[in-house]
Amino acid sequence: MRVIVVGAGVVGTMHAWHAVHRGHEVVHIERETQPRGASLRNFGQIWVSGRAGGEELETALRARAQWEGIGERVPRLGFRPNGSLTPLRTELEVAVAEAAVARADADARGYRIVTAAGARALNPALRGDFTAALWCERDAAVEPRTAQLALQEALLASGRYTFLGGREVRDVTEGPSGPAVRDDHGDTHRGDGVVLCTGAWLGGLVRELAPDLPVRRVRLQMMQTAPLGEPLTTSLADADSFRYYPAYASEALDALNAGQAQDPLAAAHRMQLLMVQRADGGLTIGDTHEYEHPFAFDVLEEPYDHLVRVVESFLGRPLPRVERRWAGVYAQCTDTSRVVHREQVRDGVWLVTGPGGRGMTCSPAIAEKTANELGW
């Protein structure tokens with residue numbers, strides 16, 4: 001079988017990975033010379049802790065196991081099972097964590113409440129003021145800026161993978177010999193199946209193929225610091241993440257929202273703190289969420305100032321110099337309870353998009369399900 005994959009972000013690359021490792025030939029087309037979208041602009045987190053129960057959690061756990069296996073084959077992914085800590089300061093925050101630990105699926109997530117001393121034993125860099133923390137053992141991380149390149153190199157070594165960068169797909173056709181795509185170089189690529197994993201590109205050809213696509217775009221701001229100078233042994237979140245992730249929905253969360261107002265700046269920008277240490281020792285820190293179009297084109301300083309204050313309060317020390325700031329856009333299903341939108345848009349042609357902030361976490365399992373449904 002010859003599979004055409006359009007889009008070289010993490011979702012497209014994982015579709016290529018599954019096709020190649022099931023013995024098929026893959027032609028992988030990307031409109032940039034190399035991917036530059038949300039798959040590189042994220043935390044690199046394999047984030048099990050906050051996922052909704054049921055299909056979403058099952059997908060995340062399946063994907064987490066796959067990331068670990070792929071990481072063993074491709075060490076440059078930088079896979080590490082580092083877990084995460086969410087430091088807690090108030091009784092209301094602790095109550096939300098206790099409700100999470102009481103979930104029927106808490107063991108699958110590796111949830112546990114630890115004392116401040118226990119948190120510092122797991123992550124000695126946390127020298128700030130907090131009373132307890134929620135530990136999630138199943139969270140993990142990879143290196144987002146290099147992961148896709150590392151996977152491409154491994155795929156090229158198979159001899160069944162061709163990467164074509166700097167080509168935008170302009171048309172999709174059907175015929176007796178199977179579907180085909182035409183790129184803006186005028187070349188036509190025929191295969192037995194086509195999978196469009198176009199990320200936040202929802203206009204143009206995508207709109208023509210799926211005019212009523214139930215997917216929206218979301219903009220975020222993030223930053224990265226110089227090396228911390230010491231290991232940050234776990235990923236880190238703050239209690240605002242309880243307001244953002246569906247796993248924490250509970251009466252205790254309702255009480256937190258009613259009794260402990262979110263910082264007005266954080267509320268205005270729909271913020272939470274997430275932080276991961278990179279292989280070079282720097283810290284990737286974010287993020288904001290903007291849902292209303294048209295998106296601002298400015299990168300605003302106030303949200304970064306807020307994140308710096310929160311991080312420094314947990315570390316108990318000044319943050320290293322911020323070296324990079326950026327904005328990114330990802331595609332999210334308008335029904336946020338859905339893991340991804342998967343739609344057949346022509347005979348033999350499938351569109352897979354809209355995982356939202358779950359893309360990095362869930363992409364291996366999303367691609368595996370596509371491969372299974374298409375009979376690869």
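T225 is in contact with G282, L283, I285, L319, P320, R321, V322 and E323, leaving aside its neighbours within four places in sequence. The residue sits in strand β13, which covers residues 215–225. Is T225 buried or exposed? T225 is buried, with a relative accessible area of 1%. Note that this is a predicted model.

## The open sheet

Six strands form an open sheet. What is their order? The order is β8-β2-β1-β12-β19-β18, and the pairing is mixed. Two strands sit at the edges: β8 (161–165) and β18 (341–346). Each of these edge strands pairs on one side only. Neighbouring strands are turned by 20 degrees against each other on average, direction ignored.

Now look at one pairing in this sheet. Strand β1 spans residues 2–6, and strand β2 spans residues 25–30. The two run parallel, and five bridges join them. One residue to find is V5: its bridge partner in β2 is H28.

A helix lies across part of the sheet. Helix α12 (residues 359–374) lies across β12 (193–196), β18 and β19 (349–353). The helix runs at about 40 degrees to β18.

## Two nonpolar cores

The largest nonpolar core has 39 residues. Which of them touch the most other members? They are M14, V26 and W67. The elements that give two or more residues to this core are β1, α1 (10–21), α2 (55–73), α6 (144–156), β8 and α12. Helix α1 gives the largest share, seven residues.

M14 is a good place to zoom in. Leaving aside neighbours within four places in sequence, M14 is in contact with W67, I70, L151, S363, P364 and A367. Apart from the core of M14 lies another core, of 30 residues. Among its members are F43, V96, A252 and W326.

## Aromatic rings

A pair of aromatic rings is described by the distance of the centres and the angle of the planes. A search of the whole structure finds four aromatic pairs. Two of these are set out here.

| Pair | Centre to centre | Angle between planes | Kind |
|---|---|---|---|
| W47 and Y245 | 6.1 Å | 45 degrees | tilted |
| Y244 and Y245 | 5.0 Å | 90 degrees | edge-to-face |

Where do W47 and Y245 lie along the chain? W47 lies in the loop between β3 (45–46) and α2. Y245 lies in the loop between α8 (240–244) and α9 (251–259). The pair therefore ties together parts that are 198 residues apart in sequence.

W47 is buried, at 2% relative accessibility. Y245 also counts as buried, at 10%. Y244 counts as partly exposed, at 28% relative accessibility. Together, W47, Y244 and Y245 form one aromatic cluster.

## Cysteines without a disulfide

A disulfide is a covalent bond between the sulfur atoms of two cysteines. How many disulfides are counted here? The count comes to zero. The cut-off for a disulfide is a pair of cysteine sulfur atoms within 2.5 Å.

Why does C136 form no bond with its closest cysteine? The closest cysteine sulfur, in C362, is 13 Å from the sulfur of C136, so it is too far for a bond. C136 is buried, with a relative accessible area of 1%.

C362 has its own closest cysteine sulfur, in C333. That sulfur is 11 Å away, which is too far for a bond. C362 counts as buried, at 0% relative accessibility.

## Backbone details

Two cis peptide bonds deserve a look. One joins G286 and D287, with omega about 0 degrees. D287 lies in the loop between β16 (283–286) and α11 (301–315). Another cis peptide bond joins H293 and P294, with omega about -5 degrees. P294 is also found in the loop between β16 and α11.

Which sign does phi of R270 have, positive or negative? Phi of R270 is positive, near 50 degrees, in a residue other than glycine. R270 lies in the loop between α10 (264–268) and β15 (274–277). R270 is partly exposed, with a relative accessible area of 36%.

How values were computed:
Residues are numbered from 1 along each chain as its sequence is written. This is a predicted model: local features need pLDDT of at least 70, side-chain atom pairs count only at pLDDT 80 or more; totals for chains, interfaces and linings use all residues. Side-chain values use heavy atoms; hydrogens and water are left out. Buried means under 20% relative accessible area, exposed over 50%, partly exposed in between (1.4 Å probe, protein chains only). Two strands pair if DSSP finds at least two bridges between them. Helices (H or I, at least four residues) and strands (E, at least two) are DSSP runs, numbered from the N terminus. Axes are lines fitted to C-alpha atoms, for helices over the stretch in contact, and angles run from 0 to 180 degrees between N-to-C directions. Contact means heavy atoms within 4.5 Å. A nonpolar core is a set of buried Ala, Val, Leu, Ile, Met, Phe, Trp, Tyr and Cys residues joined through side-chain atoms within 4.5 Å. Rings of Phe, Tyr and Trp (its six-membered ring) pair if their centres lie within 6.5 Å; planes under 30 degrees apart count as stacked, over 60 as edge-to-face and the rest as tilted.
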